[in-house]
2 protein chains.
Amino acid sequence: MTTMRDVAKEAGVGLGTVSRVLNESPLVSDVTRQRVLRVIKELNYVPNQLARRLSLGKTLTVAAVLPFFTRPAFSERLNGVASALARTHYDLLIHNIDTPELRRNFFENLLPHEVADGMLVLSLPLFDEEAEYLLRQVDIPLVLIDSSHPRMEGEVHQLSVDDVAGGRLATQHLLDLGHTRVGFVGDLVDNPFNFKSSRERYQGYCEALEAAGIPQRAAYYAAGQHGRRQARTLAKEMLAVEERPTAIFAASDTQAVGVLEAARSLNLRVPEDLSVVGYDDIELADIMRLTTVRQMLFEAGQRSVEILLKALKDPQMAIVHEELSLELVVRESTAKPGG
Amino acid sequence: MTTMRDVAKEAGVGLGTVSRVLNESPLVSDVTRQRVLRVIKELNYVPNQLARRLSLGKTLTVAAVLPFFTRPAFSERLNGVASALARTHYDLLIHNIDTPELRRNFFENLLPHEVADGMLVLSLPLFDEEAEYLLRQVDIPLVLIDSSHPRMEGEVHQLSVDDVAGGRLATQHLLDLGHTRVGFVGDLVDNPFNFKSSRERYQGYCEALEAAGIPQRAAYYAAGQHGRRQARTLAKEMLAVEERPTAIFAASDTQAVGVLEAARSLNLRVPEDLSVVGYDDIELADIMRLTTVRQMLFEAGQRSVEILLKALKDPQMAIVHEELSLELVVRESTAKPGG
DNA sequence: TAATGTGATGGAACCGGTTCCACCAAGACA
DNA sequence: TGTCTTGGTGGAACCGGTTCCATCACATTA
């Protein structure tokens, strides 16, 4: 492997001069520059990135931390990130967190500045210690996407989602159609990943019911591990009660599909016998003709990179906190009670 | 930032000793080790990865190159890769290639050894120049997954898929059920990404028909850009012909779902009026109760990492070439003609 | 007692870039 | 002619680890 010193010797110049040529410094005479460039070509010299990084103290890499990156809602955000980054000279390093151990390990052992110049935290609602860790230990620009925590308010860049509003939006749609017996299927409130979007969407659901003067019923609430099958089981039970709900709001499209399957297995027609609303608007929602709440997943990923790049250029940059927009997408899984 | 030298000074030992403690060399007395460890904790010292990498001449990173990593079939493989890698101390660097420009750029400008210790190429059938490039320029261990090329035979590690056999498997299933009018919906033969799985699955389809003595019909073949909507359009046309097929084999589950949608829009019942077979067995296939050919996507990702890690440990290792297994999964989208 | 072996240790040299300071020659100016 | 600039240049020092060799204390063996 040829190094800068080889080039310097061969060209009969000093180390600094070669470096200056490579970094396009104006402080090199044209003759010298040409000679150095010729030798570089002759020797097939390519600078060693590792050394460059050590010396500069930069990694030229952006790290993305996120759980379960194969879940469509998460991977779509990641896709936006990758797409925006592809246009730059930054590499993308991925930390997929899908067990509590990996998560702990990540927050205890990683010193991000050695591995990345900037970091994106996606869909990972933070525990208190994690928020503290990020604030205290992480000295590189940071953007949180859908991973808020009270402590981070005004401290780091954020793109946040108002899940309460989303829950209200979905539920209100069902109420507007005339439903009064509305069920909810979501994630466990206590889960090892601290996911709270389901909880907040549920809160929006409660607020909408309350505003409409409709009392909640315990039998209309079901929570389990995230997943289609689990949602199907829960929905089956819920639809077996005496006075079954005529509509169900599921905390994600994946779970909504579970609800659709439950309905099918009970010979309930959708939307005539049961209306179903999901959340996220992943491709599956379109396939299943599911009414849902659309999040701008891909765009959020892109936007987060924009912010990060700006922060990398200008470390003094003012903290950005943007709210991502939501939109109700009405398809064929919802209708008036009875069709 | 505290460095190794700080630790050495504070603990009253030499540089080498600190390094030995960190690397768990047995050549340190217990007393010294304890003292060094205590100082490390006191000073909150964490080794600088960049320096470590430069000094070792390693990047401690594995690069994965793949197209469209949000497509379920691709992301599931990637998931296997990430999961296997999470148990090691290697980082995962992702190069998502979703335009021909990015692809060209990748193969022209990247010098992999500076950015990764090993490289995985997933689902990226190589062009001739690319194969040459990989052979000539890439000096780190390499594993190709579903990305074969004649030139690479016996030269680099490979996990390959026999798409011809898969196509035969799917088609034979339909023939066994008694279908004689079997259509095919797949990708364009000429596509900028050189994807050829669709082409090969089609070849398997042809072979199965031929073996059964059934002539092919031009009206039963349709190809378009990959995607659900495109497949739906193609299938609608195919199902509108005089003597429409009673079964369709689609080159992927995504396309098969497009076929299902086409059937629905034409009021054809599945499987009574039309049998449909997909390919890949992504989650969607289960949701849609689709008969399909299962590839071990996640396992392939994991396996490729295993091979790569072994190759990293032992550069002399013999070239591995494994064939991934296939399996027909029969669900509810196929039946005898007429049900 | 002397020779030999062994485990533990310190630290210089190295990885391959960047940065910064010292220096020089040549032109400007008094 | 002497002094001051200044563009161009060389190379030491540095980034923070790892590696390897020299050294030393102490135990073992002849």
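In this predicted model, H4(A) gives the largest share of the surface near DNA strand C, with 5 residues. In total, 27 residues surround DNA strand C. The closest are A:Met4, B:Val13, B:Gly14, B:Gly16 and B:Thr32. Four helices each supply at least two residues of this surface: H2 (15–22) and H4 (49–56) of chain A, and H2 (15–22) and H4 (49–56) of chain B. The class count is 14 nonpolar, 12 polar and 1 charged.

Now turn to the other strand. DNA strand D is surrounded by 26 residues. Here the closest are A:Gly14, A:Gly16, A:Thr32, B:Met4 and B:Ala51. H2 and H4 of chain A, together with H2 and H4 of chain B, are the elements that give two or more residues to the surface near DNA strand D. H4(B) provides the largest share, 5 residues. By class, this surface has 13 nonpolar, 12 polar and 1 charged residues.

H2(B) also packs within its own chain. The axes of H2(B) and H3(B) (residues 30–43) come within 10 Å and cross at roughly 90°. That makes H2(B) roughly perpendicular to H3(B). From H2(B), the contact uses B:Thr17, B:Val18 and B:Val21. From H3(B), it uses B:Thr32, B:Arg33, B:Val36 and B:Leu37. These contact residues divide into 4 nonpolar, 2 polar and 1 charged. B:Thr32 of H3(B) is also among the residues closest to DNA strand C.

Next comes the meeting of the two chains. In chain A, 26 residues are in contact with 27 residues of chain B. H4, H5 (72–86), E2 (91–97) and H12 (283–287) of chain A each supply at least two residues of the side that touches chain B. That side of chain A holds 15 nonpolar, 7 polar and 4 charged residues. H4(A) thus appears in two places: it supplies residues of the side that touches chain B, and it supplies residues of the surface near DNA strand C.

Strand pairing crosses this interface. E2(A) is joined to E2(B) (residues 91–97) by 2 bridges, and the two strands run antiparallel. Within this pairing, A:Ile94 stands opposite B:Leu92 of E2(B).

How are the two copies related? A rotation of 179° with 0.7 Å of shift along its axis superposes chain A on chain B, with an RMSD of 1.2 Å. The two copies are thus related as by a two-fold rotation axis. A:Leu93 comes closest to that axis of the residues of chain A, with its C-alpha at 2.2 Å. The interface follows suit: 100% of the interface residues of chain A are also interface residues in chain B, so the copies meet through the same surface.

Move on to the sheet in chain A. It is an open sheet of 4 strands in the order E7-E6-E8-E9, with parallel pairing. E7 (221–224) and E9 (275–277) stand at the edges. Each has a single partner strand, so one side of each is left without a neighbour in the sheet. Neighbouring strands are turned by 15° against each other on average, direction ignored.

One pairing shows the detail. E6(A) (residues 182–187) and E7(A) run parallel and are joined by 4 bridges. In this pair, A:Gly186 has A:Ala223 of E7(A) as its bridge partner. Helix H10 (residues 228–238) of chain A packs on the sheet and touches E6, E7 and E8 of chain A. The direction of H10 makes about 155° with that of E7(A). Helix H9 (residues 197–211) of chain A lies across E6 and E8 (247–250) of chain A. H9 runs at about 165° to E6(A).

Some backbone details remain. In chain A, a cis peptide bond joins A:Val270 and A:Pro271, with omega about 10°. A:Pro271 sits in the loop between H11 (253–265) and E9 of chain A, and E9 is one of the edge strands of the sheet. Chain B has a cis peptide bond from B:Val270 to B:Pro271, with omega near 10°. B:Pro271 lies in the loop between H11 (253–265) and E9 (275–280) of chain B.

A:Leu60 is not a glycine, yet its phi is positive, at about 55°. A:Leu60 lies in the loop between H4 and E1 (61–67) of chain A. That loop brings the path back to H4(A), the helix with the largest share of the surface near DNA strand C.

Conventions
Residues are numbered from 1 along each chain as its sequence is written. Chains are lettered from A and ligands numbered from 1 in the order in which they are written. This is a predicted model: local features need pLDDT of at least 70, side-chain atom pairs count only at pLDDT 80 or more; totals for chains, interfaces and linings use all residues. A residue is near a molecule or strand if its C-beta atom, placed from the backbone, lies within 6 Å of it. Ala, Val, Leu, Ile, Met, Phe, Trp, Tyr, Cys and Pro count as nonpolar, Asp, Glu, Lys and Arg as charged, and the others, Gly among them, as polar. Two residues are in contact if their C-beta atoms, placed from the backbone, lie within 7 Å. Two strands pair if DSSP finds at least two bridges between them. Copies are superposed by least squares on the C-alpha atoms of residues with pLDDT of at least 70 in both. Axes are lines fitted to C-alpha atoms, for helices over the stretch in contact, and angles run from 0 to 180 degrees between N-to-C directions. Angles under 35 degrees count as roughly parallel, over 145 as roughly antiparallel, 65 to 115 as roughly perpendicular and the rest as oblique.
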